[in-house]
Amino acid sequence: MIYLSPLSPLLELFVRLFQIEDCSAHRGALRGSAVSFLRLESVVRLRGDFSEKFGYTQAPWTHKTQTRACASTSATFQLREDCLELNCGGTLMHFNYVWLRDHCRSASSFNSKTNQRNLDTGSIDLSICPDNTTVEDGHLVITWPGGHVSKYSLRWLAENSYERRKQSTVQPHILWNSDIYKNANIPSAKWETFMSCDDELKKFLQNYLLYGIAFVDDVPATVEATEAVTQRVSLIRETTYGRMWCFTSDFSRGDTAYSQLALDRHTDTSYFQEPCGIQVFHCLKHEGTGGRTLLVDGFYAAEKLRQQSPKNFELLAHVPIRHEYIENTDNHQNHLTGVGPVLNIYPWNNEVYLIRYNNYDRSVINMIPHETVQKWYVAHRELTIELRRPENELWVKLSPGKVIFIDNWRVMHGRESFSGLRQLCGCYLTRDDVLSTARCFGLQA
Ligand SMILES: C[N+](C)(C)CCCC[C@H](N)C(=O)O
Ligand SMILES: O=C(O)CCC(=O)C(=O)O
Ligand SMILES: [Fe+2]
């Protein structure tokens, strides 16, 4: 474990790299979250053949960061054989010529109203070179053979260069166990403010992006209010369970969720080719005992596994596993399947972005030979041990008024068995739209 003193330069670096707004709020969490650092190192260390093969040195394209723009209005350049080398305020950047023509922002090449390309990339001469190049008034101006003129602001070039981009890092996440999350003292958003004030929504989204869970308190205990809260954030994803769903232990559907039994940690809709991005729960009523909600950060466990047993991590990241939902009742007929590894990683930087972990809904394993089957079970066991460590478990009692948003690609949920009438409502949200809302607020997502 790395211990960080309050003014640790490493911590400062981490905060700066991840450009977390309002660092002070997350300082405590960062200090305790050694795994976040390990993760950053391991992502870089394990970037793998793919990235090396294509000349990538990091993962600059994964997520937008607020790069400091090139403040200077002047720059010097060199026309190399295969690229234009631009020195802008001390940063050396390289732009491929086809890229420059392809990214021309003139009206005939690009529609700035729709932010869409007009130019047919297929018609660019792949050995294109500028006829004339100048820097004027904070812009790089290129005249191409045939007379077309492209004008790029130095600021835009800097923001969109590979060199600037690679200074940014992967999606900031604060990986947590129970203590890390509790010590971070993340405030819940409050219904009234959440519904009326964009700043409250932005803070909520920032917490959601960092931790994969976020809460809104004081919400009226109705389906309508729950729907209103979720619609502040994103579009609702309708599934076989409905749009807004309300459920209790009545076995109205062929699934254990509709019982009083305990449910071990899991992700939902693992049997979708694209599992739902976000799960929203609101407990409208509980007259009885038990029924607490269990939350476990799957990314934290996955990174531990990556550290301890890279081979087992690799196996879980590559062996295809099927999940299945088969329902055959009077009212509902479903047969859904989703195939993919337990740990889904981006091939270009090995960052884990989606975990499918649901032992209830995991289907027959028959896509791998028997020796791999044994190895897979060993790897799965190691991940399970991590996910089950008591110190990784965050238990919360959902009570009327408290709405929880869970990143279903990252954080597992479960529940304690319960007695009495317990009514939950909620919905699934589409991940793309949640991230879109966050980006519209200028957050890195
Ligand atoms: C949330 N709601 C009660 C509507 C559906 C529950 C789905 C349960 C299923 N086994 C899964 O994990 O996807
Ligand atoms: O009853 C609960 O608290 C959650 C059940 C569950 O896992 C689900 O509905 O997805
Ligand atoms: Fe679930």
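This briefing walks through an iron site, an annotated domain, one buried leucine and the cysteines of this structure. Keep in mind that the model is predicted. The iron ion (ligand 3) has three named protein donors to get to know: H266, D268 and H413. The structure holds zero disulfides, and we will look at two cysteines to see how that comes about.

**The iron site**

- The iron ion (ligand 3) is held at 2.1 Å by protein donor atoms: NE2 of H266, OD of D268 and NE2 of H413.
- If you look for these donor residues along the sequence, you will find the spacing H-x1-D-x144-H.
- H266 and H413 link distant parts of the chain, as they are 147 residues apart.
- H266 sits in strand β13, which runs over residues 263-266, while H413 belongs to strand β22, residues 411-415.
- Are these two histidines buried or exposed? H266 counts as buried because its relative accessibility is 5%, and buried means under 20%. H413 is buried too, with a relative accessible area of 4%.

**The annotated domain**

- An unreviewed UniProt entry carries the annotation "domain: TauD/TfdA-like" for residues 189-428.
- Across residues 189-428, the chain is 29% helix and 31% strand.
- The C-alpha atoms at the two ends of that stretch are 19 Å apart.

**A closer look at L429**

- L429 is part of strand β23, which spans residues 421-429.
- With a relative accessibility of 0%, L429 counts as buried.
- Which residues touch L429, leaving aside its neighbours within four places in sequence? Among them are T230, V233, S234, L235, I236 and R237.
- The contacts of L429 also include C276, G277, I278 and V280, as well as F405 and V434.
- One of these partners, F405, is 24 residues from L429 in sequence, and their C-alpha atoms are 9.4 Å apart in space.

**Cysteines without disulfides**

- A disulfide is a covalent bond between the sulfur atoms of two cysteines.
- Why does C83 not form one? The cysteine sulfur closest to that of C83 belongs to C129 and is 10 Å away, so the gap is too far for a bond.
- C83 is also buried, with a relative accessible area of 10%.
- C276 is in no disulfide either, and the nearest cysteine sulfur, in C427, is 9.6 Å away.
- C276 counts as buried, at 0% relative accessibility, and you have already met C276 as one of the contacts of L429.

Conventions:
Residues are numbered from 1 along each chain as its sequence is written. Chains are lettered from A and ligands numbered from 1 in the order in which they are written. This is a predicted model: local features need pLDDT of at least 70, side-chain atom pairs count only at pLDDT 80 or more; totals for chains, interfaces and linings use all residues. Side-chain values use heavy atoms; hydrogens and water are left out. Donors are N, O and S atoms within 2.8 Å of the metal (3.2 Å for Na, K and Ca); water is not among the atoms, so sites may look incomplete. Helices (H or I, at least four residues) and strands (E, at least two) are DSSP runs, numbered from the N terminus. Buried means under 20% relative accessible area, exposed over 50%, partly exposed in between (1.4 Å probe, protein chains only). UniProt positions are given in the numbering used here, feature names are shortened, and annotations may be inferred rather than shown by experiment. Contact means heavy atoms within 4.5 Å. A disulfide is a pair of cysteine sulfur atoms within 2.5 Å.
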